[in-house]
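Before reading on, please take a moment to turn the model in your viewer and keep the sequence at hand. The paragraphs below lead from one residue to the chain as a whole, and then to the spaces inside.

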Amino acid sequence: MKNWQFDKLAKHFGEGKFRTDQKYSKSKNSVKVRMKNFLHYMVHQNDEDPIYVFDPKFHERAPSGGNMLDDYDTTYFPEDLFALLGEKKRPRYRWLCIGPKRSGTEFHTDPYQTSAWNAVVVGAKRWALYPKDGLPPSMRKKKRNAKPYQPQHNCSSSEPIDWFADNYYKVCNAGYPPYEVIQKAGEIIYVPSGWWHAVLNVSNTVAVTQNIVNSANLPVCFQEVWDHDRKMGRLFRSRMASVSSYYDSIISKIGRN
């Protein structure tokens, strides 16, 4: 992914406006920033909670620099069942992640109980992970405070820089250490379905991540889809049945009663 280095991003995609994790105060719309301006900010910022490019439509953001998907290859993860829904109807599933040091994402599970892979192109990330039912008691949401279904499931945790600085030692001393990974450029991490994870960029970082549905996680993913979007569930079932009776047999008992 030679065109995803900082200098190439500035050269080929510098005028494109990319989505960040920041919201406008009076709306739910995400703030967008030109790539060249964000890269300048990333080098010079000293923010406690830096702005983070987290863009699910990154391939549409370069008006004259070509298509970022020209360097995008998912050979190692060929089974992508949500692709049966088509690009317009499938949930958001891939993101460009460009983060300054100290930026990151708080603890969450991925949408619709999908699995995920994350590839670092530049820089390094620190991961903390817990199995599906392995969250420390101090991080579990109380039922009365539970929110309605959202594309991402968050737990009770702080920003990643704060969590690693403070809460990390508390949960470790309480007997709930997370699985930890330092992911460097050229490495890919796979996050199983339902696993909680928080990510801290320990240096200026470029990465890409994608959520996937495959034969292994199809039962839990389809149950999540069926419970929260019945229309999409019916379409998903029919598309899978048209491709293979095997997929239909995996989910045969879901939504049939």
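Does Q113 count as buried or exposed? In this model, which is predicted, Q113 has a relative accessibility of 9% and therefore counts as buried, since the cut-off for that class is under 20%. Its place is in the loop between β5 and β6, and Q113 has a positive phi of about 60° although it is not a glycine. Most residues other than glycine have a negative phi. R102 is another residue with a positive phi, in this case of about 85°, and it is not a glycine either. R102 sits in the loop between β4 and β5 and, with a relative accessible area of 23%, is partly exposed.

From these two loops we can step back to the whole chain. Its secondary structure comes to six helices and twelve strands, and its radius of gyration is 19 Å, close to the 18 Å that the globule rule gives for 257 residues, so the chain is as compact as a globular protein of that length. Taken along the principal axes, the box that the C-alpha atoms fill is roughly 60 × 50 × 40 Å. Of the 257 residues, 44% count as buried, while the area that the chain exposes is about 13,800 Å², with 50% of it supplied by carbon and sulfur atoms. Among the contacts between residues at least 6 apart in sequence, 78% join residues that are at least 24 apart.

The interior can be followed next. The count comes to two cavities of 30 Å³ or more, and the largest cavity holds about 210 Å³ of space. Its lining is made up of 18 residues, and those that lie nearest its centre are F54, H108, N118, H197 and T209. Two or more lining residues come from each of β4 (94-99), β5 (104-109), β6 (115-122), β7 (124-130), β11 (196-201) and β12 (205-212), with β6 giving the largest share, three residues. Sorted by class, this lining has nine nonpolar, seven polar and two charged residues.

The second largest cavity contains about 40 Å³ of space, and the residues that line it are F82, P91, R92, Y93, P111, Y112, T114 and N211. By class, five residues of this lining are nonpolar, two are polar and one is charged.

Key. Residues numbered from 1 in each chain as written. Predicted model: local features only at pLDDT ≥ 70, side-chain atom pairs only at ≥ 80, totals over all residues. Heavy atoms only, no water. 1 Å grid on protein atoms, 1.4 Å probe; cavity = no way out; pocket = protein on both sides within 12 Å on 5 of 7 lines; lining within 4 Å. Points joined across faces, edges and corners; volume = space filled by probe spheres on them. Helix = DSSP H or I, 4+ residues; strand = E, 2+ residues; numbered from the N terminus. Nonpolar A, V, L, I, M, F, W, Y, C, P; charged D, E, K, R; others polar. Rg over C-alpha atoms; globule rule 2.2 N^0.38 Å. Buried < 20%, exposed > 50% of the residue type's maximum accessible area, 1.4 Å probe, protein only. Contact = heavy atoms within 4.5 Å. Areas by Shrake-Rupley, 256 points an atom, 1.4 Å probe, with all protein chains shown as cover.
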